[in-house]
Amino acid sequence: MQLPPLPELSTESLGPLPTQLIRTDQDLLEWKKTKGYLNLTLFLSRLNESVVGYSLPLPNESEEQDSEAITATLKLLDQLESWIADIPPLDTPQRFGNRAFISWGDRLKERAPSLLQALLPQTHHATIPFLTPYFLTSFGSFIRLDYGTGHEASFACFLLGLTLIRFFDPVPAEERRLVLRVFERYLRLVWALQDVYRLEPAGSHGVWGLDDYSFLGYIFGSGQLRGHSLNKCPMAKVNYEADVQDSSPSSILKPPLPPTNLFYISITRILQCKQGPFHEHSSQLYSIATGVPRWSKANSGLFKMYDSEVLGKRVVVQHLPLGGLLEWDRPTPRKQDSTSSITPKSEATKAPWAR
């Protein structure tokens, strides 16, 4: 699929620093008309298309190696995970939310400027104030001691911002490594944070949601599986024979699953964390496995579901800083009390592939 290119933004064109602008249902409607929303959805679509037919692990072949930007970002995520050993969980009786995560977050806030200065070349340092809000909200809430799809979306916005300023090159080879190297590393970091600090799911729908914590791994993973019978590139066949036997979503019901794509490793993560029958604790994923015949349909349905249940849910995106790199080219919302928006349960739980 041929997608349009992402624009390039300069510091001079960014305007005011990002802030929380979505307070009402009308603001949510305006959000979906902004350049920021359009660039984010285009970016996610480009990332998805870049991994079609490619498996994990992604090798460093001579014709497609990690760029300096990818390597530096992986090093940054490694550094953040190393802090967990420095800040062990407190011996507290709470079921969720170990307060040591507050200390981890305090260190992140304190060191964020220097971390981003080390990540970016001098020519990009003026963009650090525009990137920092997304960076700080990518790993969970240090107040509520939780993590959810809104934090994952913040990390996607962070990567988008780095691409808009051309720290990352928006070409398929680089975008592919953003997913299969950087995002995969990010997932493993936030899984470690969830486990060590017992972070509560942020706004989880429980059994009716796709996953208690995340979403994008399922989109990208189904994108990987979409084309493994079509992509003839030798790189796409590394460690792929194990799951090429069964290319339909029903394969997720036959563990153990090979760690060859983000969908499979996300399912494996669920099976490690949850007890009981899969159809009871993960009904949406079970419906994909039993009701969707092709990965292409699962992939397109998950995109629609993400747009509705994450980017289209005010309770999620109201925490997302907007403006600056995520351009808000609409009238600035007035400050007022937000009003409740209740989606009927029948609509909220009805998956796109079932409509």
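Tutor: A residue is buried when its relative accessible area is under 20%, exposed when it is over 50%, and partly exposed in between (1.4 Å probe, protein chains only). This is a predicted model, in which local features need pLDDT of at least 70, side-chain atom pairs count only at pLDDT 80 or more, and totals for chains, interfaces and linings use all residues. Residues are numbered from 1 along each chain as its sequence is written, and side-chain values use heavy atoms, with hydrogens and water left out.

Student: What percentage of the 355 residues of the protein chain count as buried?
Tutor: Start with the architecture. The protein chain has 15 helices and four strands; helices (H or I, at least four residues) and strands (E, at least two) are DSSP runs, numbered from the N terminus. Of its 355 residues, the buried share is 55%.

Student: What share of the contacts with a separation of 6 or more comes from residues 24 or more positions apart?
Tutor: A contact means heavy atoms within 4.5 Å. Take the contacts in the protein chain with a separation of 6 or more; residues 24 or more positions apart account for 80%.

Student: How many salt bridges does a search of the whole structure find?
Tutor: Side chains of opposite charge can pair when their charged atoms come close. The criterion for a salt bridge is a side-chain nitrogen of Lys or Arg within 4 Å of a carboxyl oxygen of Asp or Glu. Searching the whole structure on that basis gives a count of 16.

Student: How far apart in sequence are Arg177 and Asp66?
Tutor: Arg177 and Asp66 form a salt bridge, N to O at 2.4 Å. Arg177 sits in helix H7 (residues 172-197), and Asp66 in the loop between helix H2 (35-50) and helix H3 (68-86). This pair links distant parts of the chain, with a separation of 111 residues.

Student: Arg181 also forms a salt bridge with Asp66; how far apart are the closest N and O atoms?
Tutor: Asp66 is buried at 16% relative accessibility, while Arg181 is partly exposed at 28%. In the salt bridge of Arg181 with Asp66, the closest N and O atoms lie at 2.5 Å.

Student: Which residue is linked with Glu30 and Lys33 in a network of salt bridges?
Tutor: Glu30 and Lys33 pair with their closest N and O atoms 3.8 Å apart. Glu30 is buried at 13%, whereas Lys33 is partly exposed at 46%. The network joins these two with Arg330.

Student: At roughly what angle do the axes of H7 and helix H8 cross?
Tutor: Axes are lines fitted to C-alpha atoms, for helices over the stretch in contact, and angles run from 0 to 180 degrees between N-to-C directions. The axes of H7 and H8 (residues 216-226) come within 12 Å. They cross at roughly 145 degrees.

Student: How many charged residues does the contact of H7 with H8 have?
Tutor: H7 contributes Val179, Leu180 and Phe183, and H8 contributes Leu216, Gly217, Phe220 and Gln224. Ala, Val, Leu, Ile, Met, Phe, Trp, Tyr, Cys and Pro count as nonpolar, Asp, Glu, Lys and Arg as charged, and the others, Gly among them, as polar. By class, the contact has five nonpolar residues, two polar, and charged residues: no.

Student: Where in helix H4 does the kink lie?
Tutor: The bend at a residue is the angle between axes fitted to the seven residues ending there and the seven starting there. Among the buried residues of H4 (residues 100-119) are Trp104, Leu108 and Leu115, and the buried residues pack against H3, helix H5 (128-136), H6 and H7. The kink is about 55 degrees, shortly before the proline Pro113, at Arg111.

Student: How far apart in space are Ile270 and Asp211, C-alpha to C-alpha?
Tutor: Ile270 lies in helix H10 (residues 262-273) and is buried at 7%. Beyond neighbours within four places in sequence, its contacts include Asp211, Tyr218 and Phe278. Ile270 and Asp211 are 59 residues apart in sequence, but C-alpha to C-alpha the separation in space is 8.2 Å.

Student: What is omega for the cis peptide bond that joins Pro255 and Pro256?
Tutor: Pro256 is in the loop between helix H9 (241-244) and H10. The bond joining Pro255 and Pro256 is cis, with omega about 0 degrees.
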